[in-house]
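Q: Please examine one part of this model closely, and then set that part against the rest of the protein. I would like a connected account that also says how far the prediction can be relied upon.

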Amino acid sequence: MIRIEDIVEKVGRNHPQADLDLLRRAYFFSAREHKGQMRASGEPYLVHPLEVANILADMRLDEISVSTGLLHDVVEDTLVDLETIRKYFGDEVTLLVDGLTKISQISNVSHEEQQAENVRKMLLAMVNDVRVVLVKLADRLHNMRTLQHLKPEKRKRIAQETMDIYAPIAHRLGMGKLRGELEDLAFQHLHPEDYRELTVQLETRRPVNEAFLKEITASIEEQMHESDVPYVRIEGRIKRLYSIWKKLQIQKIDLNQVYDLVAARVITPNEVRYCYAALGVIHNNWRPVPGRIKDWIATPRDNLYQSLHTSVIGPKAQPFEVQIRTEEMHHIAEEGVAAHWKYKDDKRGTRDDDKALQALRSLVEWTQEVKDSRDFLDSLKLDLYPKDVYAFTPMGKVIQLPRGATPVDFAFAIHSEVGNTCTGARINNRMAPLRSQIQNGDVVEILTTSNSHPSRDWLNFVVTSRAKNRVRHWVSEQQRAESIEIGRKLFEKEAARFQLPTKKLLNGSDDTFKRIAGEYGYGRVDDLLAAIGYGKLVPRNVIAKYLPPAKFEELDAQKESKLRSGMRAVKRLIRLGEDAIVVRGVDDLMVVRARCCNPLRGEEIVGYITRGKGVAVHSTRCKNVTQLMINPERIVEVEWAGKSDDAAYAVKLLAITENRTGMIAGITGAISDMKTGIRDARASVAPDERGRIEVTVEVFDVKHLDKVINSIKSVPGVLDVERLQGAA
């Protein structure tokens, strides 16, 4: 067991002005209060606070922090209260102990709630004093070192909590050394088989790796001497177990493909120019691996980490990494925020202008608003991984989603079938629209109905690729099935006129029909029927490819009826008389102007094949066009036919005006000056005390409309004029 005098000596060495008597008093107080208590390992409980204090002393923290490490469990695990701590050790130690004390008094709550309260307490205290989190990390580190004495299920839970919360916090604070040990310890208990297998592989390679490191560090020293580049020391290191395992999992590679398995570290004096000089020496002697050079000195990481990284091909074509940094950078890389521990104006604590601590405080500003302790854990994860949002199912399962995700994204993240049958959602026990954006810690309940299906409208707001793909797939499959059925009926009807055996053609037994499908570029008969259903192919043209030309002409002449001719005439009349729009390359299709945008002659237009209503023509500026584009196979090219047919189109305009008399008369007069008819005019006053005048005018084309709008805008008191969507 570590001796208190060893800890006192370390603190005194790092802080000559420290009150070392405070440490001794804290030790005796903790020993007295924890007397008789034992740990799961069978050791006296006092071992734990001593080890935590020793870790803090190794971090070079002050006597207040180390004393807090000795006292951090007395309020939770003994009868001592905070007032007693204040009486013996003062306000500063009391504040830190209070920030670290677990909420053991809360009864009848889940473990998750207790955990959330503990972490929140830690982070909120951290806003005022970063030492709270440093003591907490030291506490967690020693607990992880002795985790083997606990039951398996408890070991796994604590290890997962460490991996999810404490290791990321250590990383955020730039504490690379502590983070690495926490991750390796957690990895050992979360994936014991992988841990053992990887350990064996590394131990087998250890003699070779150590010999290789010795060779390259000696070579680097020699090169630095020859180039007159000063250095403090050259180190070698083998990559940590968890870091190796994570790279193997993500990149799907084996151990031989890990370029930075072994690395040399060049520590230079505290001048940046020596780092770049050392980099030049390395690249002059070994060939660098393209794309593996990273300059974290010019652009430090958020946690203030600075270093040059490069991977090179060493002796016998073995790759290795070289890290180059100054002595100060190295200290910060290892200790992170603990390396910033300073005195300023004889005031204990950190400097107000310390960038690391400013970033640290921003981490927890939002925690003041978190009300539900169960929500807090995942809210914490969000800031550590800022591109993600975490929400809960009613059963407590955490679902990870990108920011902006909706209940539909949540539903598909649970299971495709849940998404397919989703009809509504409750967020935090309140009904919410499916387009609502999920916030961190939300409890989302998905309501389903067995006969429900995805809606194409969902594509307007879902953000995950999984949800988008599943909705698109469903819409596509449904439209395809409907199109095949429509195509089948249209083909059967036309084939009956030509006295063809439709069942033989469509059941796939006739190879000639399959060949015809291939000529159109379709692999199956169903694909051909779908094209007929979409309106891309005319059944009569398909039959013309099946029958010999002479036979087709004979039967076609016999079966051409007056009714068929009459229908063609009606369709042509509708197409040319009313809208004067034609579909390029296709005859005899009914064409209608879409009511949502009411396109005018002269506007750019696009056609969309509907079911049973012909081709709907939209203006390219229509708000619905983007949604239609998800079915490109139903988009057809359309154009205005010939010259203007002098037909008038009704268009609704909205004029925003000053609230004064005479505005309607001025606007209608301006319209009359353009020789334009008026079908309707209505006026109202908006809450902002501005006039709103809606007027429906008759125009011939888009140029005529522009002239009318400009004429209205010239009326004194008119602030703006816009065209309203929809049929007038």
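**Confidence, a three-stranded sheet and the cores**

A: In this predicted model, residues 359–374 keep a pLDDT under 50 throughout, although the model gives this stretch 33 contacts beyond four places in sequence. For the protein as a whole, the mean pLDDT is 79, and 79% of the residues reach 70 or more. Of the elements, helix H3 (residues 47–58) has the highest mean value, 94, whereas helix H25 (residues 562–579) has the lowest, 43. Another stretch, residues 102–110, has a pLDDT below 50 and makes 10 contacts beyond near neighbours in sequence.

The part chosen for the close look is an open sheet of 3 strands, in which the order is S10-S9-S11 and the pairing is antiparallel. The edges are formed by S10 (430–432) and S11 (444–448); each has a single partner strand, so one side of each lacks a neighbour in the sheet. From one strand to the next, the twist averages 35°. Strand S9, which covers residues 422–427, is joined to S11 by 5 bridges, and the two run antiparallel. Within this pairing, Arg-426 has Glu-445 of S11 as its bridge partner. Helix H17 (residues 407–414) packs on the sheet and touches both S9 and S11. The direction of H17 makes about 80° with that of S11.

The setting of this sheet is a protein with 28 helices and 21 strands. The protein has 728 residues, of which 47% count as buried. Its exposed surface comes to about 36,800 Å², and carbon and sulfur atoms supply 49% of that area. Among contacts with a separation of 6 or more, 65% are between residues 24 or more positions apart.

The interior can be described through its nonpolar cores. In soluble globular proteins, nonpolar side chains tend to be buried together. The largest nonpolar core here has 96 residues, and the members that touch the most others are Ile-7, Met-59, Ile-85, Leu-137, Met-175, Leu-198 and Ile-324. Ile-85 may serve as an example: leaving aside residues up to four places away in sequence, Ile-85 touches Phe-29, Val-74, Val-75, Val-80, Gly-90, Val-93, Thr-94 and Val-97. Separate from this core is a second one of 29 residues, which includes Ile-581, Val-591, Val-617 and Val-638.

Methods
Residues numbered from 1 in each chain as written. Heavy atoms only, no water. Pairing = 2+ DSSP bridges. Helix = DSSP H or I, 4+ residues; strand = E, 2+ residues; numbered from the N terminus. Axes fitted to C-alpha atoms, helices over the stretch in contact; angles between N-to-C directions. Contact = heavy atoms within 4.5 Å. pLDDT = per-residue confidence, 0-100. Buried < 20%, exposed > 50% of the residue type's maximum accessible area, 1.4 Å probe, protein only. Areas by Shrake-Rupley, 256 points an atom, 1.4 Å probe, with all protein chains shown as cover. Core = buried A, V, L, I, M, F, W, Y, C linked by side-chain atoms within 4.5 Å.
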